[in-house]
Amino acid sequence: MAAAVSGHCALPTNKLSLSSSSSSFSGNVLVRLPQLSLFSRPSRAIGGKISCQSSSVTSSPPSPAFGKEKPQWNDFLHIDDFDKATIMKMLDRAAEVKALLKSGERGYLPFKGKSMAMIFAKPSMRTRVSFETGFFLLGGHAIYLGPDDIQMGKREETRDVARVLSRYNDVIMARVFAHQDILDLAKYSSVPVINGLTDYNHPCQIMADALTMIEHVGQLEGTKVVYVGDGNNIVHSWLLLASVVPFHFVCACPKGFEPDQKTVEKARRAGISKIEITNDPKEAVRGADVVYSDVWASMGQKEEAAHRRQVFQGFQVDEQLMKLAGPRAYFMHCLPAERGVEVTDAVIEAPNSIVFAQAENRMHAQNAIMLHALGL
């Protein structure tokens, strides 16, 4: 027997209109769905509109968690898996949903009735809170699975974890060490998989960074982004973004700490952006729109911290380096920061530091990524 449920009508995907007559956020119109049978769902009309008419009863829920094949593009693993138009569409959507949440509106619940499994082989404050809070604010329920909850690859094979969690949840987010783990999750999962970070790349962070640049610099295309420090997973994601969207990207790092050469070559072969790898941070930052830094020793490299502090002398982002960048340059950092190591306290607290805007935009960028992954 089908149980009757009621809820709110989801907003159109192309306009976040809360008014019956305009796209303004001031209308606050609450639309009630007619009674729906269990497993029925609103049907999508032409142009991205949502029809609030109930559909016929089905004998089983039409969910990918019950063995349905998923489109490969529903995963979010690398930024360059998508073309420029799709990336910019996601960033536009992030700005729209951010404005909606900032307005105080809480009636937009596209994730209502959906659940997300969050796998954390690596702990993180920003990744957990931004994903969990964002999913909740848009109506969903997120489940935190810490390093000891699964022990993926040790206690249970990654392919088995993927297939089990797919049957419980609508989406999987994973923050792991080995990049192969995220690839295996995506291969065996029947629901979208989102890369919350691997040792190779960090695409959600760079999407948040791109959103932050659009808000503060005014654009992403044609800008100059200078990263100073270790050629790590953040750099790899910047390079992959530069394979799709045109801008000037420079990585200034000590010799022996350059980013993955194949990723550098891939970005250069794309012919979209100007790519530079240099060992001279002072020359690199001149004319920058953004000077970007990260910790010198990431998680899993802490035993190298003392050695890296010696090698990375001269690569600290301080007031002198920011002066060389010029008065229009913003400072960005993906956090957590080791103040006094890769960046001085004066720089991170300066008026042109937008690191906390970046941190907030993790949630908004990820909301847009999840909406895209779920086809909402």
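Tryptophan 238 is buried, with a relative accessible area of 0%. The model is predicted. Phenylalanine 249 is likewise buried, and its relative accessible area is also 0%. Both values fall under the 20% limit for burial.

These two residues belong to the aromatic network of the chain. The structure contains 10 aromatic pairs. In one of them, the ring centres of tryptophan 238 and phenylalanine 249 are 6.1 Å apart and the planes meet at 15 degrees, so the pair is stacked. The angle that decides this is under 30 degrees. The pair links distant parts of the chain. Tryptophan 238 is in helix α7, residues 233–242, and phenylalanine 249 is in strand β8, residues 248–252. The two residues are 11 apart in sequence. Both also belong to one aromatic cluster, formed by Tyr227, Trp238, Phe247, Phe249 and Tyr292.

A ring is also involved in a contact with a charge. The charged end of arginine 128 sits over the ring of tyrosine 144. Its distance from the ring centre is 3.9 Å.

Helix α7 also holds leucine 240. Leucine 240 has a relative accessibility of 2% and therefore counts as buried. Its contacts, leaving out residues up to four places away in sequence, are His78, Ile79, Asp80, Tyr200, Asn201, Thr263 and Lys266. Leucine 240 and histidine 78 are 162 residues apart along the chain. Their C-alpha atoms are nevertheless separated by 7.4 Å.

Aspartate 80 is among the residues that leucine 240 touches. Aspartate 80 is located in the loop between β2 (36–37) and α1 (84–102). Its side chain makes a polar contact of 2.7 Å with the side chain of lysine 266. With residues up to four places away in sequence not counted, aspartate 80 touches Leu240, Ser243, Val244 and Lys266. Lysine 266 is thus a shared partner: aspartate 80 touches Lys266, and leucine 240 touches Lys266 as well.

The chain as a whole gives the setting for these contacts. It has 13 helices and 11 strands. Of its 376 residues, 52% are buried. Contacts between residues at least 6 apart in sequence were also examined by separation. Of these, 73% join residues at least 24 apart. The accessible surface of the chain comes to about 17,100 Å². Carbon and sulfur atoms account for 52% of that surface.

Key:
Residues are numbered from 1 along each chain as its sequence is written. This is a predicted model: local features need pLDDT of at least 70, side-chain atom pairs count only at pLDDT 80 or more; totals for chains, interfaces and linings use all residues. Side-chain values use heavy atoms; hydrogens and water are left out. Rings of Phe, Tyr and Trp (its six-membered ring) pair if their centres lie within 6.5 Å; planes under 30 degrees apart count as stacked, over 60 as edge-to-face and the rest as tilted. Helices (H or I, at least four residues) and strands (E, at least two) are DSSP runs, numbered from the N terminus. Buried means under 20% relative accessible area, exposed over 50%, partly exposed in between (1.4 Å probe, protein chains only). A charge sits over a ring if NZ of Lys or CZ of Arg is within 6 Å of the ring centre and within 35 degrees of the ring normal. A polar contact is a pair of N or O atoms within 3.5 Å; within protein, one must be able to donate a hydrogen and the other to accept it, and residues adjacent in sequence count only if both atoms are side-chain atoms. Contact means heavy atoms within 4.5 Å. Accessible areas come from the Shrake-Rupley method with a 1.4 Å probe; for residues, only the protein chains shown count as cover.
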